[in-house]
Amino acid sequence: MRLVGLVVLGLAACAAEGEFLDDEVELDADGKADAADELSVRTGETTVSMRQALERRGDQFVLRGRASRNVIEGMGFIIDDPYGQFEIKSARTFEVTWSVSEARTLVDGVDQFVRMTYPHSNGRPDSLTARVIVRPRFSSFTGSSSIYLTAELLPVVQAGETVYRAKGKTSAPFANLQVTLDGEPIAISKVDGTHFTIDLAPSVALRIAGTTSKLNLAARLSTGARVEKQAALGLSIKKLAVTAGDPYEKFPRPDCPAATKTCLLALPDGALDTASCGEAFVVNSCARVIGLRIDDVAVTAAIASGHTVTSSPAFRSDAQGLVGTTRVEQLIGGAEQTLDDRVSRTFARWLLTPTAKTKVLTTAVDGAIAQAYLRPLELVEPLVAVPGNDASIRNSAADGLLAELAAFDFENTEFGRSYATLVDEFRARHVESIREFRESNPIELGSAESAVVIGRWLDAHVEVVVSRTTGEVTRTLIEID
């Protein structure tokens, strides 16, 4: 169902001569946004219609529109600056295009204006301005109805960054829920037994919007059922309005509305999620009057604190267990480079309180260090296997185990948690397990061509088969119920 609201800024009977009534329509959060559907607004005896769904053409997003009168000139703009390439396609049709690399502002929820100029006509305006607000929106769903997602993703501010949030629920409480995109995990936040949210980074959303890539949701419900759902993402018009007047007067930019400011100031100290106070475009307008930004001094201090960890004897010992003696410096260097990058990207983020700032910086440091334990092979060069050499066989087995762990679905086992959660909870045991495979676990003769390295990872029995001919891993077995 489509929710359409008419905004009238003056009564028709009382409108002054030469004035025209503004018009606005809005698509509700779960309304359809099919590619062929249009939203239309009308003023000054002129109708302006636009396709709800933006079209993806290669590396461009295209907004298609038409008018009930000939269009002789037009432009797209925001905040007094040109934005969006306007092109007349025929006498009454036009397109506005944005490259994927420049579409972030549009999708964050800014007021996009499209001005259209018409031939002079007595009694009708020579120029109209449409106001367009665009949202990321799931364009199609397949799979189980036991998983529900809102069609619209709302731009919200989380930890000082704008993300696009989808809300979902399951028909019964879920024991676990995994969301992946092209095989890579996407983080979710569990609200309660049946409700969850998914936050997509703008770079991810813009990369997949309008393409064949789909989010895949897989849940194990309390009923024992395992269900999946797929969702394709697109961009769609949320609101369309038109005015013959000054668009900046008719649609003023938010300037930290009193209700928004009051809501933000009432959040708990250290709060990072501001979604309860409104969408990102409005919330971010308060950055001029409250809160603080992460400065270069704080970034430098956080990086230095992280390097204290990575340069410590304890981290060096763990690095040796994880990747072997010859790659210790590579892992330390890779961890520090990751840390520097993650912390540097927090520069200039807007947070509400010093406590929130400390949380963001600490999370960036801890996350980079955790990544070194979680996926150390991404930070080092692969070892050259030496066929028939016991030390090389053990190193190959350890690397093979790390690769298998990173791809293993632990949530649907008796562990009931993700690999990342397990490593975080049992970091020391994780390191020791890998060290034993690398340094001391027994090598058994599998056949004339293969060797089997046997050991444990946490409480799971592990066998890694290595070719004696090539030194490469041919099979890794992790036994978990």
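Begin by selecting Val-179 together with Leu-217, because in this predicted model Leu-217 is the bridge partner of Val-179 in strand S19. Widen the selection to strand S15, residues 174-181, and strand S19, residues 214-221, and you will have two strands that run antiparallel and are joined by seven bridges. Another pair to pick out here is Phe-174 and Leu-221, since Leu-221 is the bridge partner of Phe-174 in S19. If you colour S19 by accessibility, you should find that the strand is mostly covered, with six of its eight residues buried.

**Along S15 to the first hairpin**

Keep S15 in view and add strand S16, residues 184-186, which pairs with S15 in the antiparallel sense over three bridges. Within this pairing, select Thr-180 and then look across to S16, where Pro-185 stands opposite. The hairpin of S15 and S16 has two residues between the strands, and in this hairpin Asp-182 takes a positive phi near 50 degrees.

**From S19 to the second hairpin**

Return to S19 and add strand S20, residues 226-243, which runs antiparallel to S19 and is joined to it by seven bridges. Select Arg-220 and then Arg-226, which is the bridge partner of Arg-220 in S20. The hairpin of S19 and S20 has four residues between the strands, and there Gly-224 takes a positive phi near 95 degrees.

**Two loops with a positive phi**

Most residues other than glycine have a negative phi, so a positive value in such a residue is a reason to stop and look. Go next to Cys-256, which lies in the loop between helix H3, residues 247-250, and helix H4, residues 258-266. The phi of Cys-256 is near 45 degrees, a positive value in a residue other than glycine. Is Cys-256 buried or exposed? With a relative accessible area of 10%, Cys-256 is buried, because the cut-off for that word is under 20%.

Now select Ala-348, which is found in the loop between helix H8 and strand S22, residues 350-351. Ala-348 is not a glycine either, and yet its phi is positive, at about 75 degrees. Ala-348 counts as partly exposed, with a relative accessibility of 32%.

**Helices H8 and H9**

Two packed helices are described by the angle between their axes and the distance between the axes. Show helix H8, residues 328-344, and helix H9, residues 354-374, whose axes come within 9 Å and cross at roughly 155 degrees. H8 and H9 are therefore roughly antiparallel to each other, since angles over 145 degrees are counted that way. Their crossing is right-handed. To see the contact, display the side of H8 that includes Leu-331, Ala-335 and Arg-342, and then the residues of H9 that meet H8, among them Leu-361, Gly-367 and Gln-371. Sorted by class, this contact of H8 with H9 has 10 nonpolar, three polar and one charged residues.

**From H9 to H12**

Leave H9 on the screen and add helix H12, residues 427-439, which packs with H9 at an angle of about 35 degrees, the two axes being 11 Å apart. Which residues of H9 and H12 meet? Select Ile-369, Ala-370 and Tyr-373 in H9, and you will find that they meet Arg-427, His-430 and Val-431 in H12. By class, the contact of H9 with H12 has four nonpolar, one polar and one charged residues.

Definitions and conventions. Residues numbered from 1 in each chain as written. Predicted model: local features only at pLDDT ≥ 70, side-chain atom pairs only at ≥ 80, totals over all residues. Heavy atoms only, no water. Axes fitted to C-alpha atoms, helices over the stretch in contact; angles between N-to-C directions. Parallel < 35°, antiparallel > 145°, perpendicular 65-115°, else oblique. Left-handed = near helix turned anticlockwise from the far one by under 90°. Contact = heavy atoms within 4.5 Å. Nonpolar A, V, L, I, M, F, W, Y, C, P; charged D, E, K, R; others polar. Pairing = 2+ DSSP bridges. Buried < 20%, exposed > 50% of the residue type's maximum accessible area, 1.4 Å probe, protein only.
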